[in-house]
Amino acid sequence: MTTDRPDPSRTAAGHPGSSRAAGGTGDPGRAARPGPPGGAAFTVGLIVNPVAGIGGPAGLKGSDGAGVQLEALARGASPRAGERAALAVRALLARRPDTRIVTVAGPMGEDSVRAAGGVPELLRLAPGDPSSPRDTTAAVEAMRDVDLLLFAGGDGTARDVLDGSPSCPVLGVPAGVKVYSGCFAVSPAAAGTTAAEFGRDAGRAGSTGSPTSTGGTGSTLAAEVVDLDEDAYRSGRVSPLLYGTLRVPAARARLSGRKVGSSAAAPGSAEAIAREVAARMRPGVRYVLGPGATTMAVGRLLGLDTTLLGVDVVQDGELVAADVTERRLLGLVEGHETCAVLSVIGGQGFVLGRGNQQIGPAVLKKIMASGGLLVLATQQKLAGLGGRPLLADTGDPEADALVAGHVSVITGHRESAVYRIRPATEEFTA
Amino acid sequence: MSGHAGEPFAELPVAPKPRLRRFHQARWDEPIIFEQSRPGRRGIAVPAPGVPAVELPDTVRRAEPPRLPEMSQLHVLRHYVRLSQENLGVDQAIAVGQGTCTMKYSPKVNDRFVTDPKVAELHPLQPDDTVQGVLEIYWRLERMLAEISGMHRVSLQPASGSAAIYANVAMIRAYHASRGEGERRDQVITTMFSHPSNAACAKTAGYEVITLMPDENGCPDIEALRAAVGPRTAALMITNPEDTGIFNPRIAEFVALVHEAGGLACYDQANANGLLGVTRAADAGFDLCHFNLHKTFSTPHACGGPAAGASGVSEALAPFLPGPTVEFDGSRYHLDADRPLSVGKMRPFLGVTPNVVRAYAWIMALGAAGLREVAETAVLNNNYLMHRILQIKGASAPWGRNRLEQVRYSWQELSEETGVHSEEIGVRAADFGVHYWTSHHPYVVPEPFTLEPTESYSKEDLDEYAAILEHVADEARRDPGLVKGAPYNQTVHRIDPSSLDDPERWSPTWRAYTRKHLS
Ligand SMILES: Cc1ncc(COP(=O)(O)O)c(C=O)c1O
């Protein structure tokens, strides 16, 4: 994420709300229109990508493409982006009940607004069934008169939004598998709260779009939209590409922050962390290794063929199962003392709920009742969080609450840190 | 007089001085002294000794004479003068840029004392009776530092801050072992902004290290400490104020939590320059502490040593102090090497005597009131400089202005705007004759720089330093390439730092260089 300054190399905007990686000029400083005089309505647009995130619990590392989505459904996944959007809308309406919400009929928004107890104003658009990226882009193009655009999805959805060149600031409700772009709030509820705060100031003329990085509400920042090539991701290579920038409310603390990969960390540190994990492993205990380069180093040290992006289960130096789905994992932890070994998403602080949705609420509850968590991160990664806590967001507040408190984070061989971890929802709605 | 009133040279063709100094560092392309050696050259013809030759046993006799450089006096002198001109230090620069290092003025008169033959010609193996004077200085300096820290006893043997920290860890280990808890207490807790020597010494001594990260106020998270302490806790090793210059207001609670768990609390007081006469380690309940005499007490840092550290301990830990200790029976000073619980020697003999003498002289010159004035002036200077720095567009002080004697600032905003990094700003600042430092690794504060003005500098010095940074920040905005291409006025352009991380290539001595690169 960068602050509100034109960067000639990258931030050239064709529209006030967005800027593309190439081409065009614009006025990135101007953000939302001030509301009508007299503190009148704050209008939010809502677009839900109903299939976002569907591939996560199924171990598919993404949900882009109809084939993957069908496969996910076949593996027993159920769509949840609509539900997460509803959480955001509920939080928004609780703080700003007079908000007008403009959205698309059906699962692309209407259902979520209604589920949150709101009254949607529908665009004249007929999305396909199932909906496609083109529907998202069309919806963005149709929303020319809103103060803020909320969308629920992941990095792929953010790209679709970018393609629609939004004319106002944008905020993402995290609902995808890959949520690495800087335009997302840390949780659905945080998205709602941030939107409401932004709205409070959007009604005040002149308070928006000020080029500031102080984090004052109402002002905006440019946030990067990045995405991974899902095929490369599935085959174990992580290579995010920058697609452009979106303007987002400047409530910086509530945005995820762009993911920092672990390649910048000192060489050898993943090996040192892995050595410490191996030293702490006890016989008879099952270890659920989450995705990531650091957990992969644990597998390598044990001489096991674990996966970079999947969730694997090891015990007593053996690979019990590789790249498991949520359903399979639940069976594997049942009746076994189990400990989850998880890495931290750099820049964001997520330990649960991003990239490792296979470790869903039910699995987490079992793990917290037995072996608990071993969290892995370099000191550099923890330092990069700027004092913000580690976050859990399995989608089930009850499960997330089980991990709340302080957790030991292994930072090297015989080195650790003690660090705060909170449910993402709680962190930003308290 | 033909000029304007008061400006006798106004008609001469002399351009007015620009706002910033037009500094240029000397560039001599000076070879290493060994490269200048020529067989047979000499600086002095040493007369024959006039005493009979002694037969040395083969085990200590050199097979060949040492390969010392052979040079004339003039060439030796010129070599070192040139090197000194290629240096940036307190004696010619405004050395406020090496935060955490307390680069204050070391009064020259103190160098007179240590070059006096009464000190310079002492031999470490002289009998106690012939060195009563220097033993008295050791003893009295120990008492002063005990008073300043509130500790019971202080060892002056360590030759650096890190050596003092290591002495403290060694004592912590010996203390727990003496109580039968050595095996069980295998963890040391430290903080991210404590000096990394604390974690490093603990690890070297065999401990597992737990680091507390800063919370949103920039102080170590006390709830994390609560979660970290337990029956395995050997000690908390903490700096305060930390390297950010923020004084931890809950430090006594930190100490109490560790004590409740049966651990010891060890205070890294290398950053004590803002605390002299204001508060003491013992008042917060600490069991051990250390000072760097080469910071707070004005002795030279000596380019990484030998400097001088001082380890202070409570009465309960005094039996473990390194030794021998200097004792006083009311009329005579003597060395006590018969201390069965002692952790042993941190270095040969008593300590770095010239620095002990300098620190003693410095404290004696100031007195108690003077020490407190040092602290107050250092804090005032720091707060003035902070006021100036924070007026520079793009500079910030994460966690606010509540600082004692130093501040870890951030160029994050400037860097995001211009792509210029803190290291590059520091290199460019050297073009104006000042030194600048970023931070220990890993960087917690993004694009960090750490300034510590101490009590030595004048308001004009601080204004000049701030003006240089302001100028460089402005250059970064106008012409980032200019800053990134710096330095232009320096002794060397860039050096390749990669050899620092490569044991195959690094060469701390000429002998190592010859072996690795010339053979
Ligand atoms: C707070 C602190 N502790 C310890 C040290 C280590 O001292 P030395 O460099 O003498 O080993 C330093 C100096 O860099 C320091 O700033």
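**Exercise 1. Backbone angles around helix α5 of chain A**

Just after α5(A), A:Ser165 takes a positive phi of about 50°. The model is predicted. Task: state which residues of α5(A) are buried, and explain why this helix counts as largely enclosed.

Solution.
1. Helix α5 of chain A spans residues 155-163.
2. Its buried residues are A:Asp155, A:Gly156, A:Thr157, A:Ala158, A:Asp160, A:Val161 and A:Leu162.
3. Since seven of the nine residues are buried, α5(A) is largely enclosed by the rest of the structure.

**Exercise 2. Residues with a positive phi**

Task: for A:Arg414 and B:Trp399, give the sign of phi, the place in the chain and the exposure class.

Solution.
1. Most residues other than glycine have a negative phi, and most peptide bonds are trans.
2. A:Arg414 is not a glycine, yet its phi is positive, at about 55°. A:Arg414 sits in the loop of chain A between β17 (405-412) and β18 (415-423).
3. The relative accessible area of A:Arg414 is 27%. The partly exposed class runs between 20% and 50%, so A:Arg414 is partly exposed.
4. B:Trp399, also not a glycine, has a positive phi of about 75°. B:Trp399 belongs to the loop between α9 (353-389) and β10 (407-410) of chain B.
5. With a relative accessible area of 26%, B:Trp399 is partly exposed.

**Exercise 3. Cis peptide bonds in chain B**

Task: locate the cis bonds that lead into B:Pro241 and B:Pro442.

Solution.
1. The bond from B:Asn240 to B:Pro241 is cis, and its omega is near -5°. B:Pro241 is in the loop that runs between β4 (233-239) and α8 (251-260) of chain B.
2. The bond from B:His441 to B:Pro442 is cis as well, with omega near -5°. B:Pro442 is in the loop between α11 and β11 of chain B.

**Exercise 4. B:Asp431 and helix α11 of chain B**

Task: determine whether B:Asp431 is buried or exposed, and list what its side chain reaches.

Solution.
1. B:Asp431 lies in the loop between α11 (422-430) and β11 (448-451) of chain B.
2. Its relative accessibility is 1%. The limit for a buried residue is under 20%, so B:Asp431 counts as buried.
3. A polar atom of the B:Asp431 side chain lies 2.8 Å from the backbone nitrogen of B:Tyr488. The B:Asp431 side chain also reaches the backbone nitrogen of B:Asn489, at 2.7 Å.
4. Leaving out residues up to four places away in sequence, B:Asp431 touches B:Phe23, B:Ala486, B:Pro487, B:Tyr488, B:Asn489 and B:Gln490.
5. Helix α11(B) is itself mostly covered, with seven of its nine residues buried. These are B:Ser422, B:Glu424, B:Ile425, B:Gly426, B:Arg428, B:Ala429 and B:Ala430.
6. The cover over these buried residues includes α10 (412-418), β11, α12 (459-478) and α13 (480-484) of chain B.

**Exercise 5. The ligand shell**

Task: describe the shell around the ligand by nearest residues, polar contacts and class.

Solution.
1. The ligand has 14 residues around it, of which B:Gly161, B:Ser162, B:Asp268, B:His294 and B:Lys295 come nearest.
2. An oxygen atom of the ligand lies 2.7 Å from a backbone N or O atom of B:Gly161.
3. A side-chain N or O atom of B:Asp268 is 2.6 Å from a nitrogen atom of the ligand.
4. The side chain of B:Asn292 has an N or O atom 3.0 Å from an oxygen atom of the ligand.
5. On its own the ligand has 380 Å² of accessible area, and the protein covers 86% of this.
6. Helix α5 (residues 161-178) of chain B gives the largest share of the shell, three residues.
7. Sorted by class, the shell holds two nonpolar, nine polar and three charged residues.

**Exercise 6. Chain A as a whole**

Task: summarise the secondary structure, burial, contact range and surface of chain A.

Solution.
1. Chain A has 14 helices and 18 strands.
2. Of its 430 residues, 59% are buried.
3. Take the contacts in chain A between residues at least 6 apart in sequence: 67% of them join residues at least 24 apart.
4. The accessible surface of chain A is about 15300 Å², and carbon and sulfur atoms account for 53% of that surface.

Definitions and conventions: Residues numbered from 1 in each chain as written. Chains lettered and ligands numbered in written order. Predicted model: local features only at pLDDT ≥ 70, side-chain atom pairs only at ≥ 80, totals over all residues. Heavy atoms only, no water. Near = heavy atom within 4 Å. Polar contact = N/O pair within 3.5 Å; in protein donor to acceptor, adjacent residues only side chain to side chain. Areas by Shrake-Rupley, 256 points an atom, 1.4 Å probe, with all protein chains shown as cover. Helix = DSSP H or I, 4+ residues; strand = E, 2+ residues; numbered from the N terminus. Nonpolar A, V, L, I, M, F, W, Y, C, P; charged D, E, K, R; others polar. Buried < 20%, exposed > 50% of the residue type's maximum accessible area, 1.4 Å probe, protein only. Contact = heavy atoms within 4.5 Å.
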